[in-house]
Amino acid sequence: MPTPVLYCRDALNPRRVDEHFALEAGEVRALGGAVGLIDHDALLQGDAQLAVAHVPAGLGNVWYRGWMIPSDRYAALAEALRRRGAELIVTPEQYRTAHELPGWHATFAGITPASVWRPTTPGEMPTSDDLAALAEPLLPGAGIVKDYVKSRKHDWEQACFIPDLADTVQLTRVVQRFVELQEEFLTGGIVLRAFETFSRLESVAAEVRVWWLDGEPRLLTPHPDGPFGRGLVPDLDHVAPAVRRLACRFVTTDMALRSDGAWRVVEVGDGQVSDLHQSSSQGELAALLVGP
Ligand SMILES: Nc1ncnc2c1ncn2[C@@H]1O[C@H](COP(=O)(O)OP(=O)(O)O)[C@@H](O)[C@H]1O
Ligand SMILES: [Mg+2]
């Protein structure tokens, strides 16, 4: 039986798949997979039951593919779907593990930049004392700040890159700006990571996104934010054991080539909410999900 896939519906055209995912959903249908629609807005506003109101009853095991979902809302989605006879293949615990840095970091220790974190609520300003203590294990060197899920890489100078983690004034300025700009979207808490020098193509980091299904690297795509990256084939021998230890069925790893030639895991993600570069084959991804 082809595995059904749930996509986010289009806000303006509720019977259609959100246009960002429409091509991929079309490929799922072409492979014989059922496509269900969920209302992502309703889910994030707290109404999981309304979010799944148009999912056909009794779908059985399903994948989700769409916009990111906060981990607690994913758990609510799983529960609401269960009441309609559908079971998310990725459990809420597995989703949180792959989606949030504290969930996956220890499993990837040694092949991803060293990191520290502390939980915060949106808008809560960490003090310079808190931040100096937090940064201590990463000294000396530069760093970056992000939350459990996202950075503000497009505000690199003011809210992402920290040239010297030992400079508490600078550290505090960048982190506080990050907290301010994230507003209510700050997820989980503050993460500081040791900065590593990655090779760049046309000033954009040359990252490759690897899509793993059941511990096997099944698809390599350029990073969604980069212009290319194709032709770069990362060495994955050191990564596969970590992905298998994570024990999540469908994950992505974003790989970057460090200046010393080592392929590093910059970020792990749940494959269901990882963006696919527009030049990539939606058909290949759909085939992975729908199954043989
Ligand atoms: N530890 C690091 N050292 C050097 N560059 C980094 C580091 N962490 C992130 N970056 C750069 O910042 C970008 C965004 O970081 P990432 O963790 O992928 O956050 P996001 O979830 O916003 O994509 C990465 O694509 C990479 O170019
Ligand atoms: Mg990233």
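This passage walks through a predicted model, from its domains to its sheets, its cores and a few single residues.

The chain splits into three parts in the domain assignment: domain 1 (5-89), domain 2 (98-106 + 199-290) and domain 3 (114-194). Domain 2 is thus written as two stretches of chain, 98-106 and 199-290. The centres of domain 2 and domain 3, taken over C-alpha atoms, sit 24 Å apart. Where these two domains touch, domain 2 puts in ten residues and domain 3 nine residues.

Domain 1 is a handy place to start. Here an open sheet of four strands runs in the order β2-β1-β3-β4, and the pairing is parallel. The edges belong to β2 (35-38) and β4 (86-88); each has a single partner strand, so one side of each has no neighbour in the sheet. On average, neighbouring strands are turned by 40° against each other, direction ignored. Further in, β1 (residues 5-8) and β3 (residues 60-65) are held together by three bridges and run parallel. One of the residues involved is leucine 6, whose bridge partner in β3 is tyrosine 64. Lying across β1, β2 and β4 is helix α4 (residues 71-82), which runs at about 155° to β4.

Leu6 and Tyr64 turn up again in the largest nonpolar core, which has 43 residues. Both are among the residues with the most contacts inside this core, along with Tyr7, Trp63, Leu77, Leu81 and Leu88. The core is shared between domains, drawing at least three residues from each of domain 1 (5-89) and domain 2 (98-106 + 199-290). What does leucine 77 touch, leaving aside its neighbours within four places in sequence? The list is Ile38, Leu43, Ala48, Val52, Ile69 and Leu88. There is also a second, separate core of 23 residues, with Phe108, Tyr148, Cys248 and Val251 included in it.

Next comes another open sheet, again of four strands, in the order β12-β11-β13-β14 and with antiparallel pairing. β12 (216-222) and β14 take the edge positions; each pairs with a single partner strand, so one side of each is left without a neighbour in the sheet. The twist from one strand to the next averages 30°. In the middle, β11 and β13 pair antiparallel over seven bridges, and arginine 209 faces aspartate 254 of β13. Two helices pack on this sheet. Helix α5 (residues 92-99) touches β13 and β14, and its direction makes about 145° with that of β14. α11 touches β11, β12 and β13, with its direction at about 155° to that of β12.

β13 (residues 250-257) also pairs with β14 in the antiparallel sense, over seven bridges. Across this pair, threonine 253 stands opposite valine 268 of β14. The two strands make a hairpin with five residues between them, and glycine 261 in the turn has a positive phi of about 95°. Is β14 enclosed or open, and why? Eight of its eight residues are buried, so β14 is largely enclosed by the rest of the structure.

Just past β14 sits serine 274, in the loop between β14 (263-270) and α11 (282-290). Serine 274 has a relative accessible area of 8%, so it counts as buried, the cut-off being under 20%. A polar atom of its side chain lies 3.1 Å from the backbone oxygen of aspartate 270. Apart from neighbours within four places in sequence, serine 274 is in contact with Arg65, Arg209, Trp211, Thr252 and Gly269. Another buried loop residue is alanine 206, with a relative accessible area of 5%. Alanine 206 lies between β10 (204-205) and β11 (207-213), and its C-alpha atom is 8.1 Å from that of proline 222, 16 residues away along the chain.

That leaves strand β6 (residues 143-147), which is mostly covered, with five of its five residues buried. Both of its faces are covered: Gly143, Val145 and Asp147 are buried on one side, and Ile144 and Lys146 on the other. β6 pairs antiparallel with β7 (residues 161-162) over two bridges, with isoleucine 144 opposite phenylalanine 161. Five bridges also link β6 to β8 (residues 189-194), again antiparallel, and in β8 the bridge partner of glycine 143 is alanine 194.

Terms used
Residues numbered from 1 in each chain as written. Chains lettered and ligands numbered in written order. Predicted model: local features only at pLDDT ≥ 70, side-chain atom pairs only at ≥ 80, totals over all residues. Heavy atoms only, no water. Core = buried A, V, L, I, M, F, W, Y, C linked by side-chain atoms within 4.5 Å. Buried < 20%, exposed > 50% of the residue type's maximum accessible area, 1.4 Å probe, protein only. Domains from an automatic or database assignment. Contact = heavy atoms within 4.5 Å. Pairing = 2+ DSSP bridges. Axes fitted to C-alpha atoms, helices over the stretch in contact; angles between N-to-C directions. Polar contact = N/O pair within 3.5 Å; in protein donor to acceptor, adjacent residues only side chain to side chain.
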